[in-house]
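Subject: Structure handover

Hello,

Here is the structure I promised you. My notes follow below it.

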Amino acid sequence: MPRETHYLQMADELRARIKAGEWAVGDKLPSRARLAAEYGVGHNVAQRAMERLIIEGLLEGRAGSGTYVRRPRERLRMVRSRHREQRGGSPFRADMREQGKAGSWESHSTARVPAPESIAERLAIAAGDLCVHTRYEFLADGQPVHLSDSWEPMAITAGTPVVLPEMGPYAGAGVVERMRSIGVDIDVAVEVPRPGRATQEQANLLGISVGDLIMLIERTYYDTQGRPVETADITVADVRWEIAYEIGMHRD
């Protein structure tokens, strides 16, 4: 068995014991040394196994005291749907409203930012072409939900009332409605989700721990001509939110 799998196997077995009720919420687990001896593994393996369960939210470490079973975190569902985008208004606010929460966000836009090579490739423009870069922090009842780094080519929006996403007559309306107001009809949104671990900056902004599981979503909007008109990197705290995709079914 590869050495990397020892701590995963131990984590799986500890997880099963917790879910079976061997230790209740608030109970203290045996020490790492005792668990290492029980499973016949080294202290480092036991530590990594328990750290994994801490990241997942099943355990919590208390300085100078030990490791305890924690109360399960509330995990809500975030629905990703093209239909929400087409209803008008903010799809994020609509999603949070269905959760019984008030959706809001903070943002900061910078114009005339040269597109990095990776962003330029996603937008089908040349590296260095000017874009508007907007950083978002999305909140529900004032608590962080997800982050977004958005890029829009200035060749599309320059000289229009919507060049800055959160200013002007369509502030807060969402990308689809803003683009429609200047004659750009968005037809398709492509999202590529990937798992990851929170960096220090992401953890600080999302109110989670460094190394916590996150979902990274690379989203790009395309107009009816197949031209990319906006791309964003969305970061969601996996311990609090699960991602669900709503797929419309059309009859021929």
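Ala124 counts as exposed, because its relative accessibility is 60% and the cut-off for exposed is over 50%. Keep in mind that this is a predicted model. Ala124 lies in the loop between helix H6 (117-123) and strand E5 (130-140). Its backbone deserves a look: phi is positive, about 55°, although Ala124 is not a glycine. Most residues other than glycine have a negative phi.

Arg112 is another case. Its phi is near 60°, again positive in a residue other than glycine. Arg112 sits in strand E4 (residues 103-114). With 57% relative accessibility, Arg112 counts as exposed.

Two glycines with positive phi follow helices. Gly57 comes after H3, with phi near 95°. Gly100 comes after H5, with phi near 75°.

Now the whole chain. It has nine helices and 10 strands. Of its 252 residues, 40% count as buried. The C-alpha trace spans about 70 × 45 × 40 Å along its principal axes. The accessible surface comes to about 13,800 Å², and carbon and sulfur atoms hold 49% of that. Take the contacts with a separation of 6 or more: 58% of them join residues 24 or more positions apart.

Next, the open sheet. It has six strands, in the order E4-E5-E6-E9-E8-E7, and the pairing is antiparallel. Which strands are at the edges? They are E4 and strand E7 (186-197), each of which pairs on one side only. On average, neighbouring strands of this sheet are turned by 15° against each other, direction ignored. Helix H5 (residues 91-98) packs on the sheet and touches E4, E5 and E6. The direction of H5 makes about 160° with that of E4. The buried residues of H5 are Pro91, Phe92, Ala94, Asp95 and Met96.

Inside that sheet, E5 pairs with strand E6 (residues 143-153). The pairing is antiparallel and runs over 10 bridges. To find your place there, look for Glu137, which stands opposite Leu147 in E6.

For the edge strand E7, I picked out Val188, which is found there. Is Val188 buried, partly exposed or exposed? It is partly exposed, with a relative accessible area of 37%. Not counting residues up to four places away in sequence, Val188 touches Thr220, Tyr221 and Tyr222. Val188 and Arg48 are 140 residues apart in sequence. In space they are 42 Å apart, C-alpha to C-alpha.

There is a parallel pair to look at too. Strand E3 (residues 76-80) and strand E10 (residues 241-245) pair in the parallel sense over five bridges. Arg77 stands opposite Glu242 in E10. E3 is mostly covered, with four of its five residues buried.

On to helix H3 (residues 43-56). Does its length agree or disagree with the expected span? It agrees: at 1.5 Å a residue, its 14 residues should span 20 Å, and the end C-alpha atoms are 20 Å apart. The buried residues of H3 are Ala46, Ala49, Met50 and Leu53. Seen down the axis of H3, these buried residues fall within an arc of 90°, so they line one face of the helix.

Last, Arg17. It is found in helix H1 (residues 3-19). Arg17 is buried, because its relative accessible area is 17% and buried means under 20%. What is it in contact with, leaving aside neighbours within four places in sequence? The contacts of Arg17 are Glu22, Trp23, Glu38 and Tyr39.

If you want a short tour, try these stops:

- Ala124, in the loop between H6 and E5, with its positive phi.
- Arg112, in E4, also with a positive phi.
- H5, where it packs on the sheet.
- Glu137, opposite Leu147.
- Arg77, opposite Glu242.
- Arg17, buried in the model.

Best wishes

How values were computed
Residues are numbered from 1 along each chain as its sequence is written. This is a predicted model: local features need pLDDT of at least 70, side-chain atom pairs count only at pLDDT 80 or more; totals for chains, interfaces and linings use all residues. Side-chain values use heavy atoms; hydrogens and water are left out. The expected span of a helix is 1.5 Å times one less than its number of residues. Buried means under 20% relative accessible area, exposed over 50%, partly exposed in between (1.4 Å probe, protein chains only). The arc is that of the directions from the helix axis to the C-beta atoms. Contact means heavy atoms within 4.5 Å. Two strands pair if DSSP finds at least two bridges between them. Axes are lines fitted to C-alpha atoms, for helices over the stretch in contact, and angles run from 0 to 180 degrees between N-to-C directions. Accessible areas come from the Shrake-Rupley method with a 1.4 Å probe; for residues, only the protein chains shown count as cover.
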